Amino acid sequence: MRRVRLGRRLPVPRPAVLAALPAAMVALLCAAPAPGATAPGAASPAQAGVRTDARTGAREGVREGAHAVGPGKAGRPVRLPAPGAVQPGAPRPRTFDVAPARAALARLLPRHAGQFTLVPDTAAAADTFTVSGTPGAVTVRGSTGATLLTGVGWYLQHVAGADIGWPGDSIGMLPAELPGVPAPVTRSALVPHRYALNDTDDGYSGPYRSFEEHQRQIDLLALHGVNEVFVQVGAEYPYYRALQDFGYSAEELRRFIPGPGHQSWWLLQNLSGFGGPVSERLMRERAELGGRLADQLRGLGMTPVLPGYFGTVPPEFAARNPDAATVPQGDWAGFDRPDWLDPASPAFGKLAAAYYAEQRAVFGDSTMYRMSPLHEGGQTGSVDVKSAAGAIQAALHAAHPGALWAVLGWQDDPTPELLSGVDTSKLLILDGLSDRYNRLDRETRWGGAPYAMGTIFNFGGHTTVGANTSVWIERFGPWRAKSNSALSGIAYLPEATGTNPAAFDLFTDLAWEPGPIDQRRWFADFAARRYGRPDAEAAAAWEELRKGPYSTSSGLWSESQDSLFTARPSLTAAGAAYWSPKSMRYPPGSARRALDHLLKVDPRLRASSAYRFDLVDTARQALANHSRVLLPKIKAAYEAGNLTLFRELTAEWRDAEGKLDAITGSDPNFLLGRWLDRARAAGADRAEQDRYEYDARSVLSVWGPRGTSEGGFLHDYANREWSGLISELYARRWDAYFDSLEEALVGRATPREIDWHAFEEEWARRTTRHPVRPTGDPYALAAGIAASLPAATAVAGATTH
C-alpha cells in the first residue's frame, strides 16, 4: 500500500549561488574511484545525455557536456559530473587528468608550481610516485593526482627541506630555483587505506568553514599521502529530503536536525535538535559545499567517504509507517537519542534506498561509507544485531554494489555480533584505540577483519601539544609484519584537526617510509625543514618536545593533559575536560626549555608562519603547564587563611591569563573571533545569525543543556586556549571564583555558591564581537612569557603520569 505523505513538500527557491546556472543542468550519476585509485576519464556513452531523477529513476534529456552543480527537483542542488568524470560501469581510463593536481600545486606552492612537471604514470603500481629532475625542473610521476601531490610533498620534505604543515609553512625560505633530485626516487604506499577525519572533525574543527578552508585541508591531506577522506558537511540534507516521503513535514525535520556545530553527534545517533533549527537555505548550501568537496576529492583520485544509512529516524516513525519497527535508544550524556529503525523491518530498505538516492543526487557515488550503529551505547532491544548488520550492509550494496563499510573501532565496537553478520572483506575498521591501550591483538579481537591503525591524539579541539608518537613507531611495523596481520591502513582520527603539525606529519609518514622510522632522527629532520634550514636552537627545541609531549606512553591515554586556566574553577581542579588526563603526562620542563630554544632561533628563520605558530603554541603550552604549579600554591594560601599571599598568587594567575590571551591573539589559528564570525556569516537574518552563533559558542562551553553539561559532564569538553575565549569566559570565571574566596577570607565565612552552568550559558548566549585578525608581536609576547616563568628545573616537581 502506498504511503500517504503527511508533509507536503513545497517548492523552494534555488540557492543564490546556483541561480545563474541553466535549468537544463540536472543530475547524472557520478561514480567514485576504488579507494585511492580513480582516474577521471571520458564519460561513458551509455550515460551521456541523460539525467536520472533521484526519487523515480526516470531519465530525461540533458544538455550534452553539462557539469558542476545544478538545481534539481524542488530547487535542490544536484551533482553533475565534472568534465571527463568516470560513469558507473565505465572501464578505468588508461590515464587521468592532472589538472586538479596542478591546481592544488598552484595553491600550495604559488611561486614554485611552474618548476614541477606532473606526469600520469599509467604503468606504475597503485599508490606509487617517482620523483626526479634537475634544478628548477622537477618531474613527479604518479598513479593518481593525489599521489602526484604526495610525491611533491616527499620532495619538499627530503630534498628541498621545506614544510607545508597543518598549520604553518616555511615555503618562503625556498630558493627561487628549486634544487634538483640527486637520483630518481620511487615510493609506494605500504598500506592501501590512508584514511582521515574523525566523525567529530566537522563539529570541533569548524562547522561553518568555507569551501576554500576545506579545499586547503584536502590539498594538505593529498600532500601527505592520504587517499580516503570523510565528507560530513551537508550530510543532513539527504535525511531532510528522504524523510519527507515517510510522514514528516519540512518544519518537523528542521526541528529534528541540530545546528551544524552539533551535527557530528546527530549522525552518530547520539542527539537531535540542539543548536537548531537549521534553515532549508543553509542545508542546501551545506549540501552543495559537501558535493563540491566530494568532487574535489574525486578529481584528485581520492575517495570521498560519505555517511551511510544505518537506521536513525525521528520520533513517531513507526506510528507514521506501519511497516516499521523502531527501538528507543535511551540516553547519551543527557540527550535523548533518536530512535533506531530495525534494519529487519520492511521500512528500513525503503528509507535506506530513498536516503542513498537523495545523497547520490547531491554528492554523487562513492565506494566507501561511514556507519557506526549503537555508537557509545545504544539499545538493541529485540533486534538481532547479526541480522541487522547484514541488512545494513545489504542496503548499502543495493545502492552501491561492493562499497566498503568503514566502522569506528571504539570502546566495544564493532562487536563480534555485528562482524558475524557482514562480509568483512567489504569492511574496514578504523581503530581509534591503536595507541591508547596495551596488549592489543586486533586480529583476535576482530576475527581477522581488515583494520586501519588509528590515532586520536586530540579530543574536543584541545590546544594541548603532544602525542604518543613513539607508540605509533613501535607498533606499526610489527603489527603489519605479523603472519596473520589484518592491518591494511592508517586512520588519522584526532577529534579536531589543525592543531598539531608534527603529529600529522609523522603519523602520515608511517604509510610511506619503507623502513622503521627513527623517532630522534625524524624530529631532527622535522626541525630543519619546519623553518626552512637547519638551526641548532630549533633542533634543540624539538628534541625537548620529542622527549616530552611527543613521547608519552600508551596504557591509559592518547592525548596530553589540558590546561587548568580553561578548567571550571576549583582549588582542586585537575583538568578542564572531565574525560581528560588529570595530571601531567610528561616532564613539564620540556615545554619550558623548548620555548627558551625557540626564542634563540636564527632571526632570519623567524618570518615563517611555521615558526610563528610553533613559538606561540610552545609559549602557550609552557604557560598552561605552569597553571598546575600555581593552583596548588593558591589552594595552600587560602587554606592557611593567608589573605596577603592569596592576593599575590591570584594576581599572578590573572596576569598569566592576560599573557595567555595576548600570545594566542598574535596568531590567526588561536582566535575566537574567526570561529564566531564564520557562524554568523551563515545566517540570513539577525535571528538566524544569533542561533548559529549560539550553536558555535555552546559546543565550546556548555556543550548542551544543563542535563548534558552537568549530568553528562560535557561542559568544557572542547576547551581550548584561544584569544577571546580566555578573556571573555575562562578569565571571568576564575575572577568570579577568586572574588568569592577572597570575600570568604575577609568575612571568615563559607564561599558563596556560583551556578557555573548559568554563568557559562550566559556567555554562550552572547553576541559580542572579537578580533578576526592577529595583533601583537608574537616574539615579544613569547619572550615576556619566558621571562615570567621560573626556570625549567624549578617546575620539575609537578606530578607526572
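The chain folds into 26 helices and 21 strands, and what you're looking at is a predicted model. Of its 801 residues, 62% are buried. The accessible surface adds up to about 27800 Å², and carbon and sulfur atoms account for 54% of that. If you take the contacts with a separation of 6 or more, 76% of them link residues 24 or more positions apart.

Let's zoom in on a helix, α22, which covers residues 686-700. Does its length fit what you'd expect, or how far apart should the ends be? Because each residue should add 1.5 Å, the 15 residues of α22 should span 21 Å, and the end C-alpha atoms are indeed 21 Å apart. Just at the start of α22, Asp-685 gets a side-chain oxygen to within 3.3 Å of the backbone nitrogen of Ala-687.

Now for the surroundings of that helix. The buried residues of α22 are Glu-688 and then the run Tyr-692, Glu-693, Tyr-694, Asp-695, Ala-696, Arg-697, Ser-698, Val-699 and Leu-700. What sits over them? The cover includes α3 (201-205), α8 (280-299), α21 (672-681), α24 (725-747) and α25 (756-764).

Next, have a look at the loop between β20 (451-455) and α14 (469-481), where you'll find Ala-467. Asn-468 belongs to the loop between β20 and α14 too. Ala-467 has a relative accessible area of 1%, so it counts as buried, the cut-off being under 20%. Asn-468 is buried as well, with a relative accessible area of 0%.

Who are their partners? Setting aside neighbours within four places in sequence, Ala-467 is in contact with Phe-457, Trp-472, Ala-503, Pro-549, Tyr-550, Ser-551 and Thr-552. Ala-503 is 36 residues away from Ala-467 in sequence, yet their C-alpha atoms are 6.6 Å apart. With the same neighbours left out, Asn-468 is in contact with Asp-435, Thr-552, Ser-553, Ser-554, Trp-557, Ser-558 and Arg-585. Thr-552 turns up on the contact lists of both Ala-467 and Asn-468.

Finally, over to the surface. Tyr-578, Trp-579 and Phe-713 make up a nonpolar patch there, and together they have about 330 Å² of accessible area. Trp-579 comes from the loop between α17 (536-547) and α18 (589-599). Is Trp-579 buried, exposed or partly exposed? Its relative accessible area is 46%, so Trp-579 is partly exposed: exposed would need over 50%.

Note on methods:
Residues are numbered from 1 along each chain as its sequence is written. This is a predicted model: local features need pLDDT of at least 70, side-chain atom pairs count only at pLDDT 80 or more; totals for chains, interfaces and linings use all residues. Side-chain values use heavy atoms; hydrogens and water are left out. Helices (H or I, at least four residues) and strands (E, at least two) are DSSP runs, numbered from the N terminus. The expected span of a helix is 1.5 Å times one less than its number of residues. Buried means under 20% relative accessible area, exposed over 50%, partly exposed in between (1.4 Å probe, protein chains only). Contact means heavy atoms within 4.5 Å. A polar contact is a pair of N or O atoms within 3.5 Å; within protein, one must be able to donate a hydrogen and the other to accept it, and residues adjacent in sequence count only if both atoms are side-chain atoms. Patches are made of residues with over 30% relative accessible area and no salt bridge: like charges are joined within 9 Å, nonpolar side chains (Val, Leu, Ile, Met, Phe, Trp, Tyr) within 5 Å. Accessible areas come from the Shrake-Rupley method with a 1.4 Å probe; for residues, only the protein chains shown count as cover. A salt bridge is a side-chain nitrogen of Lys or Arg within 4 Å of a carboxyl oxygen of Asp or Glu.
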